[in-house]
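Open your viewer and keep the selection tool at hand. This tour goes stop by stop.

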Amino acid sequence: MNLAIHVSQDGILRAGYHGTVVARFPSRARQQAVRTLQRHQTSRVVAKLLVTSLLLSCAAAAQPAPKTTPSYKALRFPPLREVSIPQLAESTLPNGMRLYLLENHELPLVSGFALVRTGNLFEPPDKVGLAGMTGSVMRTGGTKSRTGDQLDVELENIAAGVESGIGETSGSVSFTCLRENVDQVLAIFKDVLTSPEFRQDKIDLVRNELRGAIARRNDDPENIVSREFASTIYGRDNPYGWSLEYEHVDRIQREDLIAFYKRYFFPAHIMLAIQGDFSAPEMRARIETLFAGWTVTQPPVPPFPPVKAKPAPGIWLATRNEVTQTFFRLGHLGGTRRDPDYPALSVMSEILGGSFASRLFTEVRTRQGLVYNVAGGWGANFNHPGLFAIAGSTKSASTVDAIQAVRKEIERIRTSPVSEQELEYAKGAVLNSFVFLFDHPSKTLNRILTYEYFGYPRDFIFQYQKAVRAVTKEDILRVAKQHLNPAILTTVAAGKPSEFGKPLATVGEVHNIDLTIPEPKSAQQAASSAQADSAADAKARALLERAREQLGPAPRDIVMTADSAIQSPQGTMMSGKSQLWIIMPGELRSEQQLPFGKVTVYYDRKGGGWISGPQGDMPLPAPVLAQVRQQLFRTLHNLVAATGNFRSAGDNAVELSGPDGFTTRVEFDANGLPVSQTYRGLSMAGPPATVVERYSEWKQSGGVRYPAKIVLEQNGNKAAEMTVTDYRVNTGLKSEDLSRKP
C-alpha cells in the first residue's frame with residue numbers, strides 16, 4: 001500500500017491517507033523537499049523514515065545562524081574611581097601616645113592596632129629570634145591577671161580577637177570585635193599591650209616551634225633559594241642576613257623577652273589606630289581613660305641599622321639530589337620608595353616580570369618553554385633598600401638555558417625601548433592596583449599609618465600615581481640602564497647538578513652553599529659555654545671593682561663647674577659655662593649659660609622636673625626626661641657601682657644596662673680608669689647618634705678622682721669639649737637647693 005506524501009507550495013508537509021499536516025518547511029527548504037518527495041514512491045516504513053529525516057533536516061535548517069562571540073579585546077570598562085583619603089581624627093594623649101581614629105558605620109564592628117617602632121633589626125647578634133619570640137609570647141603568655149589560654153576562651157566566646165607580633169621593622173598589637181563588646185575587648189587589648197606576663201610554658205612552646213622550623217628549613221628548595229639569596233646579598237654579618245640557629249634559641253631566656261619588651265613598648269613610642277562603628281570624640285575619651293595609668297618612659301630608640309651590602313656576583317649552588325627540577329633566583333640590591341625613579345622602576349618591573357603578559361612570562365615560559373614559572377622585578381622598601389629579584393623554576397636539564405634566557409631579558413630591557421603597547425598596559429596595571437590598597441577603611445588606615453610611621457608625606461600615594469602616569473618609554477630605558485646591573489647579579493640555585501644540561505659554570509663562578517644545620521649543643525657543651533660566660537662576667541666584675549678603687553668612694557653629692565665649647569648644628573662653635581649639682585644617686589640640676597640665655601633643668605627623685613629658659617618655664621618633656629635619666633645613669637660613680645646588668649665587652653671594656661633599658665659601653669685603661677663611654681643619644685641636630693665621651697686629665701677632690709677634660713664625639717665628629725674648672729663632693733646639698741627656680 002502506498003503512502004501519499006505531499007508538500008504544498010506554502011511549505012506544508014502532508015502525509016498519510018487523510019492528508020494530515022505533519023510539518024511546515026521553511027521557505028528556503030521548500031524546493032528541495034518537493035523535489036525529494038517527487039522522486040520517491042515508497043512504502044510506509046520508508047516514508048516514515050524519509051519524513052523523519054526531512055523533519056530533522058528542516059528543523060536544523062530552521063535554526064537561526066549562531067551569533068558571533070565578541071572578542072575580549074572589545075570589552076570596555078569604566079575607569080576605576082579615584083582613591084580618596086578620609087579625614088582622620090588625630091591627637092596625642094597626655095602620656096605621649098599618638099591616636100588616629102576613623103569612623104566607619106557600614107557594619108557594627110571595631111578594629112585597631114598599636115604600631116611600635118621595633119623589629120628583629122634590633123636583635124643582638126647572639127640572640128637572633130628574640131624579637132619574634134617577644135612578639136608572639138606577648139599574647140600567648142597572657143597578662144598578669146589572665147593566662148593566654150583564658151584570653152583565648154574569653155575572646156572566642158564573643159567572636160573577637162587580640163593578636164601581637166614583631167617583624168623586621170615594626171611590632172604591633174591588634175584587636176577586632178563587635179561594637180557591643182568594644183569595652184571588654186579594649187580592656188584585654190590594653191592589658192596585652194601594657195602588662196604581658198611572658199609565662200615560661202609559652203616561651204618553651206615557641207622555643208620548640210623555632211627549633212622545629214630550624215630542623216625543617218632545608219626541606220623546601222624554594223625556601224632555601226629565597227633565604228640564601230637574601231643572606232648573600234645583604235651579608236651574613238648583620239641583621240638583614242642573619243640566620244636563626246639552635247644556639248640562638250637556646251640562649252634566649254625569659255628575662256631577655258622582658259627587657260626587649262620594656263625597651264620598645266612605651267606610650268610615647270606607640271601609634272594607636274582604631275576604625276569602626278563609633279563616635280571619634282567618645283572613643284578618644286575612652287582610650288585616654290583606659291591608658292591614663294600607663295606613663296612608662298624610655299630613652300629615644302635609635303634608628304634602624306643601615307644596609308651595608310656589597311655586590312656578590314656569581315652563582316651560589318645548593319645541591320639537592322632528591323629533586324628533579326631547579327629553583328633559582330637572581331638579582332642584586334634594590335632601592336627604597338623615596339627614590340625619584342621608583343615610579344618608573346615599578347612600571348619597568350611590570351613589563352619585565354610582573355604578570356602573565358610580562359616579557360619573562362611570554363618569552364621564557366610561553367615561547368621558549370624553559371620554565372614552569374618565572375616572575376620578579378624591582379624591590380623597594382619604605383626605609384631600607386629592597387632586592388631586585390627574579391625567581392623561577394625549571395626542569396633540571398634546562399637550568400643553564402633558563403638562567404641565561406632570564407639574563408638576556410634583563411639585558412634587552414636595558415638596551416632597547418619598550419613598545420607603546422607594553423608601556424600603556426604596564427602603567428594601567430600599576431595604577432589599577434592602587435584601589436586594592438584602599439578598598440576598605442581598615443586598609444586605608446593601615447596605609448596612612450605606614451606612611452606616617454616611615455616618615456612619608458600623607459599624599460605620597462597621589463604623588464606616586466601622578467609620577468606613574470607621566471612615565472615614558474625613555475624613562476623605562478633610562479632607569480633600567482641605570483639601576484639594573486648584569487655585572488653584579490647574584491644567582492642562587494637549588495637542584496641536582498648532575499642532571500643540569502650544561503655546567504653551571506657557563507653562567508659564572510660557582511660557589512657551593514653549605515646547608516649543614518649546626519647541631520644544638522649537648523649538655524656538656526652548654527655547661528662549658530655557661531662557664532665561659534661566667535668567666536667573662538667575672539672579668540667584667542673585676543674591671544668594675546678596680547675602677548671603683550681608682551675613682552674613690554662614691555660621693556653623696558657632686559657640685560661641678562665647667563667651661564664648654566659646643567658645635568652647633570650650623571657648624572659654628574658656641575662657648576659657655578655650665579654648672580651641675582647631683583645628689584646621688586638620682587637628683588640633678590644643671591645650668592647652661594649659652595649666647596641666647598641661660599637654660600636650667602631640674603630632675604627630682606620621683607621621675608619629674610622642669611626646664612626654665614628664655615622662653616619661660618615648663619615641665620620636662622618626655623625626651624628631656626629620658627636624657628636626664630641617661631645622664632644620671634652615665635655618671636661614672638653610678639656606672640661602676642653596677643646597679644644595672646653588665647657583661648664583658650672585650651679585654652678592657654664592660655657593657656652596662658640600666659633599669660630603663662639604656663646601655664653604654666665603658667673602656668678602661670691599664671690602671672682601671674675609664675677612658676671612654678659609648679652609647680646612643682640625641683645629636684645636636686636632633687636625630688639619635690653614636691656618642692663617645694672621652695675622659696682625660698684626671699684630678700682629685702675630697703678623695704674622689706674626676707676627669708678635668710671631657711670630649712664628646714657624635715657619629716665620629718667632635719661635637720663638644722668641656723673643661724672642668726671646679727669639682728667638689730659631699731657639700732651637704734639638699735633637695736631644696738636643687739629645686740629652687742631661677
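How many residues apart are Phe-460 and Tyr-464 in helix 16? Select both. They lie four residues apart, about one turn of the helix. Keep in mind that this is a predicted model.

**Stop 1: the ring pair within helix 16**

Show the side chains of Phe-460 and Tyr-464. Their ring centres are 6.2 Å apart and their planes meet at 5 degrees, so this pair is stacked. Planes under 30 degrees apart count as stacked. Now check the cover. Phe-460 counts as buried, at 10% relative accessibility. Tyr-464 is buried as well, at 9%.

**Stop 2: across to helix 11**

A search of the whole structure gives 21 aromatic pairs. Add Tyr-342 to the selection for one of them. The ring centres of Tyr-342 and Tyr-464 are 5.1 Å apart, with planes at 15 degrees, so these rings are stacked too. Colour helix 11 (residues 342-353) and helix 16 (residues 460-469). Tyr-342 lies in helix 11 and Tyr-464 in helix 16, so the pair ties together parts that are 122 residues apart in sequence. Tyr-342 has a relative accessible area of 11%, so this residue is buried.

**Stop 3: the wider cluster**

Which residues do ring pairs link into a cluster with Tyr-342, Phe-460 and Tyr-464? Add Phe-382, Phe-434, Tyr-451, Tyr-453, Phe-454 and Tyr-456. Stay on Tyr-456 and select Arg-338. Arg-338 lies over the face of Tyr-456, 4.1 Å from the ring centre.

**Stop 4: another arginine over a ring**

Move to Arg-634 and Tyr-679. Here Arg-634 lies over the face of Tyr-679, at 4.0 Å from the ring centre.

**Stop 5: out to the surface**

Switch on the surface and select Tyr-72, Leu-75 and Phe-77. Together they make a nonpolar surface patch of about 430 Å². Where does Leu-75 sit? Look in the loop between helix 2 (44-62) and strand 4 (89-92).

**Last stop: the whole chain**

Zoom out and show the cartoon. The protein chain has 21 helices and 30 strands. Of its 742 residues, 47% are buried. Now turn to contacts with a separation of 6 or more: residues 24 or more positions apart account for 70% of them. Finish on the surface view. The accessible surface of the chain comes to about 36,600 Å², and 52% of that belongs to carbon and sulfur atoms.

Definitions and conventions:
Residues are numbered from 1 along each chain as its sequence is written. This is a predicted model: local features need pLDDT of at least 70, side-chain atom pairs count only at pLDDT 80 or more; totals for chains, interfaces and linings use all residues. Side-chain values use heavy atoms; hydrogens and water are left out. Patches are made of residues with over 30% relative accessible area and no salt bridge: like charges are joined within 9 Å, nonpolar side chains (Val, Leu, Ile, Met, Phe, Trp, Tyr) within 5 Å. Accessible areas come from the Shrake-Rupley method with a 1.4 Å probe; for residues, only the protein chains shown count as cover. A salt bridge is a side-chain nitrogen of Lys or Arg within 4 Å of a carboxyl oxygen of Asp or Glu. Helices (H or I, at least four residues) and strands (E, at least two) are DSSP runs, numbered from the N terminus. Buried means under 20% relative accessible area, exposed over 50%, partly exposed in between (1.4 Å probe, protein chains only). Contact means heavy atoms within 4.5 Å. Rings of Phe, Tyr and Trp (its six-membered ring) pair if their centres lie within 6.5 Å; planes under 30 degrees apart count as stacked, over 60 as edge-to-face and the rest as tilted. A charge sits over a ring if NZ of Lys or CZ of Arg is within 6 Å of the ring centre and within 35 degrees of the ring normal.
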